[in-house]
Amino acid sequence: MAEERHICALRRQGCGGCPLLETPYPEQLRQKQARVEALLGEFGPVSPILGMEHPWHYRNKAIASFATQRGKLVCGLYAEGTHRVLPGADCLLQEKILNKTLAAVLDAARACRWTAYDEDRGTGLLRHTVLRSSCGGKVLVTLVTPGPDLPGSKNFCTALRKKAPWVVSIVQNINPTRSSAVLGSREKTLYGPGFVLDMLCGTQFAISSRSFYQVNRTQTEVLYKKALELAKLTGRETVVDAYCGIGTIGLCAAP
């Protein structure tokens, strides 16, 4: 396991997304191992945690919020405990292709002269963007707006595809609620099929903006393979997939 040290500029500005970021990864694993043993050790032996070889740039999902700062549209993560946006597209946990896509989304939105949604006034156009990536480097982009109107959406799609040709679909999600929920229940596909295809344990899945799907593809495969190894399924059992999301566990277990 390679030990790497990274410095995150957003962390220095108060980003609360990664509270353990500056803790060396082996120490993170030790803390987690101790926690699991404290919770479950009295019921049986706890196996060592299977950590990642490279625990950076692994997340296949990114959520960023829009804001207006100094008269300019920006996009990024919230500062811890606030709705103050920290502009930036260089998260150490998100896949690098998502960071590149986020920068392209912002450039294309600025070219369309779109405005950020103001939570207090209930005005403006863009609330959030949600990005989903595949193992092949393809990306689904979702724009979250408070209403169905999105003037210039065709120009946005053209501009974004020019800057980020790896984007295979662009979706508008409509969330009119005054709440902290990112996604609403209505969607319109602006470009492409409305999903991105991903491979997990040799099985292909269509991932939409609202799909419940594990964000760490590498460790999900490690987890699923270990679970199936210990289950020793023969194909004659009836398996209840009680925590399936879009069905990944059961489908990966199927012969």
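**Figure 1. Phe-43 sits in the loop between helix H2 (25-40) and S1.** The model is predicted. Phe-43 is exposed, and its relative accessible area is 67%. Together with Val-36, Leu-39 and Leu-40, Phe-43 makes a nonpolar surface patch of about 400 Å². In soluble globular proteins, nonpolar side chains tend to be buried together.

**Figure 2. The largest nonpolar core counts 29 residues.** Phe-156 and Leu-160 have the most contacts inside this core. Six elements give two or more residues each: strand S1 (61-69), strand S2 (72-78), helix H3 (96-111), strand S5 (139-145), helix H4 (153-163) and strand S6 (167-174). Helix H3 gives the most, with 8 residues. A second, separate core has 11 residues, among them Cys-8, Cys-15, Cys-18 and Leu-21.

**Figure 3. Phe-156 is a residue of helix H4.** Its relative accessible area is 0%, so Phe-156 is buried. Leaving out residues up to four places away in sequence, Phe-156 touches Val-105, Ala-108, Ala-109, Cys-112, Trp-114, Leu-143 and Ile-170. Asp-107 is 49 residues from Phe-156 along the chain. The C-alpha atoms of Phe-156 and Asp-107 are separated by 9.5 Å.

**Figure 4. Leu-160 and its contacts beyond four places in sequence.** The partners are Ala-104, Val-105, Ala-108, Val-141, Val-167 and Ile-170. Leu-160, like Phe-156, is one of the residues with the most contacts inside the largest nonpolar core.

**Figure 5. Ala-67 lies in strand S1.** With a relative accessible area of 15%, Ala-67 falls under the 20% limit and is therefore buried. Residues up to four places away in sequence are not counted in what follows. Ala-67 touches Lys-72, Leu-73, Val-74, Val-85 and Ala-116. Tyr-117 is 50 residues from Ala-67 in sequence. In space, the two are 6.9 Å apart, C-alpha to C-alpha.

**Figure 6. Glu-95, Asp-198 and Arg-217 form one network of salt bridges with shared partners.** The side chains of Glu-95 and Arg-217 meet at 3.1 Å, N to O. Glu-95 lies in the loop between strand S3 (85-87) and H3, and Arg-217 in helix H5, so this salt bridge ties together parts 122 residues apart in sequence. Both Glu-95 and Arg-217 are buried. Asp-198 and Arg-217 meet in a salt bridge at 2.9 Å, N to O. Asp-198 belongs to strand S8 (residues 196-200), so its pairing with Arg-217 in helix H5 joins parts 19 residues apart in sequence. Asp-198 is buried, as is Arg-217. The structure holds 7 salt bridges.

**Figure 7. Glu-22 and Arg-12 meet in a salt bridge.** The N to O distance is 3.0 Å. Glu-22 is in the loop between helix H1 (9-12) and H2, while Arg-12 is in helix H1. The two residues are 10 apart, and the pair links distant parts of the chain. Glu-22 is partly exposed, with a relative accessible area of 40%. Arg-12 is exposed, at 55%.

**Figure 8. Cysteines without a disulfide: the structure holds 0 disulfides.** The closest cysteine sulfur to that of Cys-112 is in Cys-157, at 8.7 Å. A disulfide requires sulfur atoms within 2.5 Å, so this pair is too far apart for a bond. Cys-135 is in no disulfide either. Its nearest cysteine sulfur is that of Cys-201, 11 Å away. Cys-135 is partly exposed, at 48% relative accessibility.

**Figure 9. Arg-70 and Lys-232 have positive phi values.** Most residues other than glycine have a negative phi. Arg-70 is not a glycine, yet its phi is about 55°. Arg-70 is in the loop between S1 and S2. At 91% relative accessibility, Arg-70 is exposed. Lys-232 is not a glycine either, and its phi is about 50°. Lys-232 is in the loop between helix H5 (217-231) and helix H6 (248-253). The relative accessible area of Lys-232 is 65%, so this residue is exposed.

Conventions
Residues are numbered from 1 along each chain as its sequence is written. This is a predicted model: local features need pLDDT of at least 70, side-chain atom pairs count only at pLDDT 80 or more; totals for chains, interfaces and linings use all residues. Side-chain values use heavy atoms; hydrogens and water are left out. A nonpolar core is a set of buried Ala, Val, Leu, Ile, Met, Phe, Trp, Tyr and Cys residues joined through side-chain atoms within 4.5 Å. Buried means under 20% relative accessible area, exposed over 50%, partly exposed in between (1.4 Å probe, protein chains only). Helices (H or I, at least four residues) and strands (E, at least two) are DSSP runs, numbered from the N terminus. Contact means heavy atoms within 4.5 Å. Patches are made of residues with over 30% relative accessible area and no salt bridge: like charges are joined within 9 Å, nonpolar side chains (Val, Leu, Ile, Met, Phe, Trp, Tyr) within 5 Å. Accessible areas come from the Shrake-Rupley method with a 1.4 Å probe; for residues, only the protein chains shown count as cover. A salt bridge is a side-chain nitrogen of Lys or Arg within 4 Å of a carboxyl oxygen of Asp or Glu.
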